[in-house]
Amino acid sequence: MKAKQGELKVMTGNSAAAYGAMLCRPDVVASYPITPQTEVVEQLSRFHADGILDAEMIEVEGENSAMNACAAATLAGGRAFTATSSWGLVYMYDAVLQAAGFRAPVVMVNVNRETPGILAVSSGQQDMIQTRDAGWIQVIVENSQEILDTIIMAFRLAEDYDIQLPVMVNYDGFYISYLAEGVRIPAREDVDQFLSVLKTQPQRTIMDPTRPIGAGSHGLMTEFMELRYRHCAALDRAKKKFDEIDKDYGDFFGRSYGGQIEEYRTEDADFVILTSGSAVGTSRTVVDAKRADGVKVGLVKMRMFRPFPQEKLIKAIKGKKAVGVIDRSVNFGWNCGPIYSELRALTPEIGNIPILSFIDGLASIDITKPHIERVIDDVANAAKGKPYQAVTWIPLEERE
Amino acid sequence: MAVKKFSTKYEAAWSDADQLLLCLDTGTWRTKRPVVDKEKCTYCGLCAIYCPPQCMITRADFFEPNLNFCKGCGICAKECLRGAITMRPEGDFTS
Amino acid sequence: MVEKVKKLPKTFQYFKDEDAFAGGVAFCAGCPLELTLRLLSRVMGRETVIVGTPSCSAPVLYGQNVGAWHRLPYYSCLMTGVASSATGLTRYYKKAGKDVNVVCFTGDGCAADIGFQTLSGAAERGEHFIYVCYENEGYMNTGIQRSSTTPFGATTSTTPVGVAGRGKTTPPKNLPLLMAMHNIPYVATATLSNVDDFARKMQKAMEKKKEGLAYLHVFCPCPVGWGIESDMSIQVCRTAVKTNYFPLWEAEYGKFRLTTTVANPEPITKYVKMFRKFNHLNEKELAVIQEEVNQKYAFLKHLTEFGEHGQPAETPASE
Amino acid sequence: MKEIRFHGRGGQGAVLAARMLAIACVAEGKCVASFPMYGFERRGAPVVAFTRFDDKPIMEKTQIYNPDCLVVIDPGLLKLPTLFTGLNPNGTLILNSAKAFEKQPNENLKLAGVVNATQIAVEEVGRDVPNTCLLGAFAAVTGWVNLKSVQACLSEYFSGDILKKNLRCVERGYNEVKVTKWQ
């Protein structure tokens, strides 16, 4: 069975997010506007006003309330969606932790933007990084079509009986949130069918008002540990489940994204670069150009960041001579990129090869083709056994 | 080694009174015990209404505390308009 | 032998259900909070979803993985997320076509301070649930710290009396009045000495929440935190009403009505002298409290002269 | 792949023009990518928007540094010292201005289309919204997209009377643009 080819429409990443959410028929949408996410809220409100979206729209007075309302709605048995960015994500942090601990299957779009400290209305993945230990599933996507498709996959992952976890779909603010591309909009009935698998599963525990049941009870001693263990186990299961859902999606809609990670020209590569978000697309073109020049470079796209796709990364990188990681955020206290430092934890499995950290793209600085060429050149040299610099803040060095 | 057995029934931190209704022996907290003078009791019910643990048992023509739960706060004695309830030290009683 | 009435008092007619709580639960002896919750469960009935937070009520309202201390459906929140979580629950129940009585139950610290934004937001949006704030004038569970509803002069662990300290230096936030200013369907104050009044207001809140948010502010003295004997709780409530320290009123869409009028209010000293928390106050400070009570009451009286949404009442005040 | 960079000020419709061009290209079966670059949304502040189109999917997510064409919605922005930086040899410029060029402003610029879009917009729509007129001029000068596709895409954003007025703007831009060529 294959889905109909959906209507092609030029839309921004934000609009694609709103379409993705609308197609999944959420019962409750609660959100608060923040640049560069605002368009998601506006578009959903428009859908509601036009009668296309039959959901309870809650125009909350802050992001914290958005997350609490969504978490409660899912635990009452509903499907809930919200969207935020940066400071908004920070402002809902207590509720973000609570949603994960409650195993509330909320799907949230987070439009990556720099976080408080230095004022910047600009792109950066620091917000997502600062919530990486919240117990959520975190996915990073690279274009408008992938946003729409991934939100549909995210609902199936979040609400899966074996998972029951909130999912955060991340995409770069400005570079993707405002990027208008041609996007295929799946037909509603096809999305319904894709999600109908969930209806065949057992009913997860919900706030049934006729039962003396309590959500968020005290976890005492080993019971507390047991619930943490179950949470971690569910995150672990989410990796394989995400691959399966991605494959199902591909079989049905004709578009898939590789699941946890995507490997691009890695098979015969001597060395690889690893990155996420909008930098992936540009990196593909640079890798193609370098390949044309005879440089055997490959690209790994980090799609799932939490849970960390360690098995997939080991498989992709083991045997390569070097890796360069481009991070659009920093790892405070380690003075390097966060994805880089997490990859380094896999050194025993991938072997003691040079791993290089590149920090780029903070505060909407463009991760340009020359920047990526430089990354490839540096990693190529390291792969040849030449000395290398462990951490490079590309734009700061390039300006000299 | 993976954990195979869980003591919690639910995947998350749910509680379920159908599974177990927890209860404390708050009767043991008491240092004073309310004693009802059945003769003085007019059955007005104020003691039962104001009792925080709501443990006044409605008998045919008087009220008396459920000593399993009565914490001995003394509100019933204080609020009784007829002075029908007195607080007596627990030490005076053998059971 | 005295004559027996042989008929249970009127209050019992308000009870719809048996007490939903286990016989023994972890509230201090004489705590009006325990009474408030048990009465609430009897008046509102079993199918009432309670939304609450870490507070003195939490050790009882929260379950413990396997079991629970009561038979009410319960949703635990952080203090920032009570009214917003209740919003999520009620909106979904509405979408699913279920008519559910959702009741937020928090202390004054949550309602007036850290959870006020979400409460105010829910009131403005007209969410269909009841918010019950039990007012014990501070953070009692964490060890008697001041909240924004702690009265002027009160000693708490964060406003202690010492060589320089004289207790809290500012007057309390008038939370029920603030809620009434949201022009919501129903706001009422209540206390445990006037149980019939409290029960009636709970019933009315259940009706009025069909139109939007209903807010109940329940005066709940803390025997431990305020320094009173455990048998004095109800007496304190009664005195608070009789001195006009805590007037009983209700407001529907901003139309105020006193539900209990005190013919000859007693001086505030009668109330203040009941607790340790005001022991240090001098004449001047007592006068400040008396003045504050007088002013608040006069303002409230004035408000009763207006109709719904602040329109002139049908029978305007003379002058 | 063609890369077009729009320069305007907040409120003049640079972002919308870039997006409408993308929609017109999609109608012709092309792949597109278009995005603006600004912080807070502010009327009057300079705005840059980018549109790429190609026969195959566009992977680049960067800003445009080597445009094939510049569309300048506000003539005051001609003074921008970096306006022509990186312009591809054989570059094109579409400019909203009452005056034609006296001399070639940049050696890479080989083709310029100048139209008084502000005046046309004021005449047709009644306010200074020159963006749709410039899209008509763009179609005429570059030939990269058909006039019909440009006109068709307007209905995504306008309807009724406003749509009619903007259709006239597009048409007049297409017909009234003055083309200058340099060697």
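**Note on the predicted four-chain model**

1. Strand 8 (residues 180-185) of chain A and strand 2 of chain D pair in the antiparallel sense, joined by two bridges. Within this pairing, Glu181(A) lies opposite Ala33(D) of strand 2 of chain D. The model is a predicted one, and the remarks below should be read accordingly.

2. The wider contact between these two chains draws 22 residues from chain A and 18 residues from chain D. On the chain D side, helix 1 (14-27) and strand 2 (31-37) each contribute at least two residues. Strand 2 of chain D gives the most, with seven residues. By character, the chain D side that touches chain A comprises 11 nonpolar, four polar and three charged residues. The strand that pairs with strand 8 of chain A is thus also the element of chain D that gives the most to this side.

3. Between chain A and chain C, the contact involves 37 residues of chain A and 34 residues of chain C. The elements of chain A that give two or more residues to this side are strand 2 (28-31), strand 3 (56-59), helix 3 (63-75), helix 5 (93-101) and strand 9 (213-215). Helix 3 of chain A provides the largest share, eight residues. The side of chain A that touches chain C divides into 17 nonpolar, 13 polar and seven charged residues.

4. A strand pairing also links chains A and C: strand 9 of chain A and strand 2 (residues 74-76) of chain C run parallel and share two bridges. Here Ala215(A) has Tyr75(C) as its bridge partner in strand 2 of chain C.

5. Which chains do not touch chain D? Chain B does not, the nearest C-alpha atoms of the two being 41 Å apart. Chain C does not touch chain D either, and their nearest C-alpha atoms are 26 Å apart.

6. Within chain A, strand 14 (residues 323-327) is mostly covered, with five of its five residues buried. On one side the buried residues are Val323(A), Val325(A) and Asp327(A), and on the other they are Gly324(A) and Ile326(A), so that both faces are covered. Strand 11 (residues 271-275) of chain A pairs with strand 14 in the parallel sense over three bridges, and Ile273(A) has Gly324(A) as its bridge partner. Strand 15 (residues 355-359) of chain A also runs parallel to strand 14, the two being joined by five bridges; in this pairing Val323(A) stands opposite Ile355(A).

7. In chain D, helix 5 (residues 160-176) has 17 residues and should span 24 Å at 1.5 Å a residue; its end C-alpha atoms are 24 Å apart, in agreement with that expectation. Its buried residues are Asn166(D), Cys169(D), Val170(D), Arg172(D), Gly173(D) and Tyr174(D). Among the elements of chain D that cover these buried residues are strand 6 (109-115), helix 2 (117-124), helix 3 (131-142) and helix 4 (147-153).

8. Chain B contains two helices and five strands, in the order β-β-α-β-β-α-β from the N terminus. Its radius of gyration is 19 Å, whereas a compact globule of 95 residues would have one near 12 Å. The C-alpha trace of chain B spans about 70 × 30 × 20 Å along its principal axes. Of the 95 residues in chain B, 45% are buried. Among contacts in chain B between residues at least 6 apart in sequence, 66% join residues at least 24 apart.

Notes
Residues numbered from 1 in each chain as written. Chains lettered and ligands numbered in written order. Predicted model: local features only at pLDDT ≥ 70, side-chain atom pairs only at ≥ 80, totals over all residues. Contact = placed C-beta atoms within 7 Å. Helix = DSSP H or I, 4+ residues; strand = E, 2+ residues; numbered from the N terminus. Nonpolar A, V, L, I, M, F, W, Y, C, P; charged D, E, K, R; others polar. Pairing = 2+ DSSP bridges. Expected span 1.5 Å × (residues − 1). Buried ≥ 20, exposed ≤ 12 C-beta atoms within 10 Å, placed from the backbone. Rg over C-alpha atoms; globule rule 2.2 N^0.38 Å.
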